[in-house]
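User: Hey, I've got a structure open and want to talk through some of its packing. Can you help?
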Amino acid sequence: MPELKPIFSLPDARDLILEAALAAFAEHGFHGATMRDIAARAAVSQSLVQYHFKGKEALWNMVGERISADFLEYVSEEISPETPPEQSVDRAVRRYLSYWKEHPAAFRFNLWRLLEGTPEERSKRSKAINQRSVPLIQRAQAAGFIRGDMPAGLILIVLGALVQFWLHSQTEVRDALAVTDHAA
């Protein structure tokens, strides 16, 4: 089952290529993935991959943009301005965790993004996510659900760091909780 939401009319080789690229990049990172492998995974010619995406860097960027767009849409489905702030934050965090658990290749790709992505691409992604997320924290602060003596952006960073730790460190979380006979 594809992890990326199709964006081209069906059937279209570009979506197959994007899925194949996601799988290759998630497995090997940017530098380890090859256009030959991506083409083979998509069952298309290398020239078709080149024709549609102009090269590996453009393909890497497109996969990253699709993951970011799909992630933001997925999380936004659970949150609306009418949702009470005390429910919005909880729903957003749960949805955040659910997305990455349901999209393991996208999660691995994002880990590779940290290692091999460009600062410009990372900044673009960060701005898109923060433009939607910081107002959620501000609403919760205004309602008194989250402390108001810290900048909303800093609270978002701390919350994001905890969620990322949870996602990256399941073994450590499970083992730490097992010491006191608690389950993760």
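**Aromatics and helix packing**

Analyst: Sure, starting with Y99: its relative accessible area is 1%, so Y99 is buried (buried means under 20%, exposed over 50%, partly exposed in between, with a 1.4 Å probe and protein chains only). Keep in mind that this is a predicted model, where local features need pLDDT of at least 70, side-chain atom pairs count only at pLDDT 80 or more, and totals for chains, interfaces and linings use all residues. Residues are numbered from 1 along each chain as its sequence is written, and side-chain values use heavy atoms, with hydrogens and water left out.

User: And W100, buried or exposed?

Analyst: W100 is buried, with a relative accessible area of 7%.

User: How are the rings of Y99 and W100 arranged?

Analyst: Their planes are at 90° and their centres 4.8 Å apart, so Y99 and W100 make an edge-to-face pair. Rings of Phe, Tyr and Trp (its six-membered ring) pair if their centres lie within 6.5 Å; planes under 30 degrees apart are stacked, over 60 edge-to-face, and the rest tilted.

User: How many aromatic pairs are there in the whole structure?

Analyst: Eleven. One of them is F25 with F30, which is stacked, at 6.3 Å centre to centre and 20° between the planes. F25 counts as buried at 0% relative accessibility, and F30 counts as buried at 17%.

User: Which residues form the aromatic cluster?

Analyst: F71, Y74, Y96, Y99, W100 and F107 form one cluster.

User: Switching to helices, what's the angle between α4 and α5?

Analyst: About 140°, with the axes 9 Å apart; α4 is residues 56–76 and α5 is residues 85–102. Helices here are DSSP runs (H or I, at least four residues), numbered from the N terminus. Axes are lines fitted to C-alpha atoms over the stretch in contact, and angles run from 0 to 180 degrees between N-to-C directions.

User: Which residues meet there?

Analyst: From α4, I67, D70, F71, Y74 and V75 meet A92, R95, Y96, S98, Y99, W100 and E102 in α5. Contact means heavy atoms within 4.5 Å. The residues in this contact split into eight nonpolar, one polar and three charged.

User: Last one: where does R125 sit, and what does it touch?

Analyst: R125 is in helix α7, residues 119–142. R125 is buried, with a relative accessible area of 13%. Leaving aside neighbours within four places in sequence, R125 is in contact with S68 and R113.

Technical notes: Helix = DSSP H or I, 4+ residues; strand = E, 2+ residues; numbered from the N terminus. Nonpolar A, V, L, I, M, F, W, Y, C, P; charged D, E, K, R; others polar.
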